[in-house]
Amino acid sequence: MTVLTGVRPVITGQTAKMNERKLDLAEDLNAEKEKHRELAQKIMEFARDRIMLSMRFLNRALFRMPMIPSDTVATYGVNGRAIYFNTEHVLRSFRQENNRCTRAFLHMIFHCIFSHPFRYEDLEREYWDLACDIAVEQAILDLHLPDIQLDDDKKRLRELERLQKDVPILTAEKLYRFFLDHPEKAQAYLQSAGLFEQDDHMHWIPKKETDAAERTGDTLTTDTRTAMVGCHEADTGEEGEQAEDIDEVLVGQTQDDWADVSQHAKLDIETFSKEQGFGAGSLLWNLKEALREKYDYGEFLKKFAVLGEEMHINDDEFDYIYYTYGLQLYRNMPLVEPLEYRENKRIREFVIALDTSGSCQGATVEKFLRKTYDILKNTDSYFSRVNIHIIQCDSKIQQDVKVTTDEEFDAYMQNVQLSGFGGTDFRPVFDYVDRLIERHEFLNLRGLIYFTDGQGTFPERAPDYETAFVFIEEGFDIPDVPPWAIRLVLREDEV
């Protein structure tokens, strides 16, 4: 039997050398990775600075968020609090085409000033993702700036031209509504979604969904949950060295913070576009959508409420002490009884004027009338006996229907027939209502709501009752109303 001597010390020495070599390789890899990360960071800063030089109106937005290298995102990502980028993707994109990183950076900034990440919770996300990306790319292409142009923009322009035949104004909100109303066409447009994608919208998902997915484990895939957790850890600076240099003041921006940025950007763009002469049409339309005030039509309708008495026990003004004391003292003889009347702010007399000119679509008018009726009927906003006149008018009075009970309103709604469809003139309605008041058809008319497209002649003098003009936003400028009137702009989906 042969005995090997001195073999173990040799093997042990070779193992030690291999371990040392592994450590050296690991250090080299880490050093190389750090170099890549630093280079990618510089490229992102370079992209930001290029945008600042050509679009100074975005200076408030460009420096608002820290830029964080992250392995949880495949390309880029933004959520209004920070910008995330994949190091290798940045380097690869920059090698392919210098403008790619600049384009992606501007794409993410536009998402934020258009408030796209802040509406993700209650929407059909596949449609919203596509609508947001298309709206942003359209706004970017409208600028015609050389620093953000890409080689494949011609393909995007062809697709956008095809899409504008269905949706003339390409804002995310209008595109989203179109996709919801036309799911078959939406599926066709989804086939070209890759043309407009520049970033990953995973960061838009609210953190509470991440927590819920972690608890249940059956809503999202493991990879998706891991990415979501990584995104939110980066928000709070839990990625270690990646977030060391982040200015804590910048982290945690909210939708209200971005609304302020968007407002300043809009004002600057309007001035800058006139000075420089570049196209900012789509950019301004999207900013107007982002800054548009949201109205509760039900609350708005209550502006026309009036005080009136109705048969109803008034518990608020009832004193139980005297009531129970009387029962004890006089044996079932109360000293006071509940009030049989109480005052409520409710609608008793009201006028709904419907513009039935050719420019107002019948379906939209019916939706508005039904919406108004549903609010009146379901929220106890009017008395059991009312005096509501529903007047149809184009350039002259076409129809006046008087409604006094719920049953009459129901009967009218079952047989709504619009008539007219000529020109628009608001004055006949006010003259007609004045004559009704003279004939004592109204005792205390509180208000009139005029549903119209606004393309008509307003009265020169203010009426004796409150008046509101309700417009449906169709992508065109809404006219100003006289100072004595209330102006309300609704989207069709709000009606």
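This is a short dialogue on reading some features of the predicted model above.

User: Before we start, what should I know about the numbering and the cut-offs for this predicted model?

Analyst: Residues are numbered from 1 along each chain as its sequence is written, and side-chain values use heavy atoms, with hydrogens and water left out. Since this is a prediction, local features need pLDDT of at least 70 and side-chain atom pairs count only at pLDDT 80 or more, while totals for chains, interfaces and linings use all residues.

User: Okay, helices then. At what angle do α5 and α12 pack?

Analyst: The general idea: two packed helices are described by the angle between their axes and the distance between the axes. Axes are lines fitted to C-alpha atoms, for helices over the stretch in contact, and angles run from 0 to 180 degrees between N-to-C directions. Helices themselves are DSSP runs (H or I, at least four residues), strands likewise (E, at least two), numbered from the N terminus. Here, α5 (residues 125-143) and α12 (residues 281-291) pack at about 140 degrees, their axes 7 Å apart. That makes the two helices, α5 and α12, oblique to each other; angles under 35 degrees count as roughly parallel, over 145 as roughly antiparallel, 65 to 115 as roughly perpendicular and the rest as oblique.

User: Which residues of α5 and α12 make the contact?

Analyst: Contact means heavy atoms within 4.5 Å. On the α5 side you'll find Ala135, Gln138, Ala139, Asp142 and Leu143, and on the α12 side Ser282, Leu283 and Asn286. Sorted by class, the contact of α5 with α12 has four nonpolar, three polar and one charged residues. (Ala, Val, Leu, Ile, Met, Phe, Trp, Tyr, Cys and Pro count as nonpolar, Asp, Glu, Lys and Arg as charged, and the others, Gly among them, as polar.)

User: Now salt bridges. How many does a search of the whole structure find?

Analyst: Side chains of opposite charge can pair when their charged atoms come close. The cut-off is a side-chain nitrogen of Lys or Arg within 4 Å of a carboxyl oxygen of Asp or Glu. The search finds 16 salt bridges in the whole structure. One of them pairs aspartate 71 with lysine 33, the closest N and O atoms being 3.9 Å apart. Aspartate 71 sits in the loop between β1 (67-69) and β2 (76-78) and lysine 33 in helix α1 (residues 7-54), so the pair ties together parts that are 38 residues apart in sequence.

User: Are aspartate 71 and lysine 33 buried or exposed?

Analyst: Go by relative accessible area: buried means under 20%, exposed over 50%, partly exposed in between (1.4 Å probe, protein chains only). Aspartate 71, at 57%, is exposed, and lysine 33, at 42%, is partly exposed.

User: Where do aspartate 153 and arginine 156 lie?

Analyst: Both are in helix α6 (residues 153-163), three residues apart, about one turn of the helix. Aspartate 153 and arginine 156 form a salt bridge, with 2.8 Å between the closest N and O atoms. Aspartate 153 is buried at 8%, and arginine 156 is buried too, at 3%. The pair also belongs to a salt-bridge network that links Arg103, Glu137, Asp152, Asp153 and Arg156.

User: What does histidine 389 touch?

Analyst: First, place the residue: histidine 389 lies in strand β6 (residues 382-393) and is buried, at 3% relative accessibility. Leaving out residues up to four places away in sequence, histidine 389 touches Phe350, Val351, Ile352, Asp400, Val401, Lys402, Leu436, Glu441 and Phe442.

User: And which residues does phenylalanine 451 touch?

Analyst: Phenylalanine 451 is in strand β8 (residues 447-452) and is buried, with a relative accessible area of 3%. With the same four-place exclusion, phenylalanine 451 touches Ala353, Leu354, Asp355, Thr364, Val365, Phe368, Val470 and Ile472. Alanine 468 is 17 residues from phenylalanine 451 in sequence and 8.5 Å away in space, C-alpha to C-alpha.

User: Last one, backbone angles. What is phi of serine 115?

Analyst: Phi of serine 115 is near 65 degrees, a positive value in a residue other than glycine. Serine 115 is in the loop between α4 (99-113) and α5, buried at 2%. Histidine 440 has a positive phi of about 65 degrees although it is not a glycine. Histidine 440 is in the loop between α17 (427-438) and β8, and is exposed at 63%.
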